[in-house]
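Dear colleague,

I am handing over the structure shown below, and the notes that follow it are about charged side chains. Please read them with the coordinates open beside you.

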Amino acid sequence: MMAAFKHPQILIASNLADGEVVFLGPSGWERDHRRACVAQNADEAAAFEAAGKRDVSANRVVDVYLADVEIGGDGAPTPLHYRERMRVKGPSVRLDLGKQFPGSAA
């Protein structure tokens, strides 16, 4: 049984190739949460989950789940819960190291 639908939702996953957080968008998986498709009702949320499960089966993504969001004045979805807010921000490591550093070859 599906839980009651209370808030708009987006589908979040981790890209299996590189571990990056991705969001289901109109043309596939996006790295920018602002381009995520937003489910406005339980039927849309179920369709997003089904698409995510297909991509799990195809070994594209893992850890697929819906996250409650609020829609900001700019129309962008912002997660309501702390875990997803942190995932949207990206790696929580020093910005001058690793692949997030602008001069990185990755």
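**Salt bridges in the predicted model**

R83 and D63 form a salt bridge, in which the closest N and O atoms are 3.4 Å apart. This pair links distant parts of the chain, since R83 belongs to helix α2 (residues 82–89) and D63 to strand β4 (residues 61–71), with the two positions 20 residues apart in numbering. Please keep in mind throughout that the model is a predicted one. As for accessibility, R83 is partly exposed at a relative accessible area of 44%, and D63 is likewise partly exposed, at 39%.

A salt bridge also joins D55 to R60, where the closest N and O atoms lie 2.8 Å apart. Here D55 has a relative accessible area of 15% and is therefore buried, the cut-off being under 20%, whereas R60, at 46%, is partly exposed.

In the salt bridge between E30 and R35, the closest N and O atoms are 2.8 Å apart. E30 is buried, with a relative accessible area of 15%, while R35 counts as partly exposed at 47% relative accessibility. Both residues also take part in a network of salt bridges that links E30, D32, R34 and R35.

As for the total, searching the whole structure gives 7 salt bridges, among them the R83–D63 pair described at the start.

With best regards

Methods
Residues numbered from 1 in each chain as written. Predicted model: local features only at pLDDT ≥ 70, side-chain atom pairs only at ≥ 80, totals over all residues. Heavy atoms only, no water. Salt bridge = Lys/Arg side-chain N within 4 Å of Asp/Glu carboxyl O. Buried < 20%, exposed > 50% of the residue type's maximum accessible area, 1.4 Å probe, protein only. Helix = DSSP H or I, 4+ residues; strand = E, 2+ residues; numbered from the N terminus.
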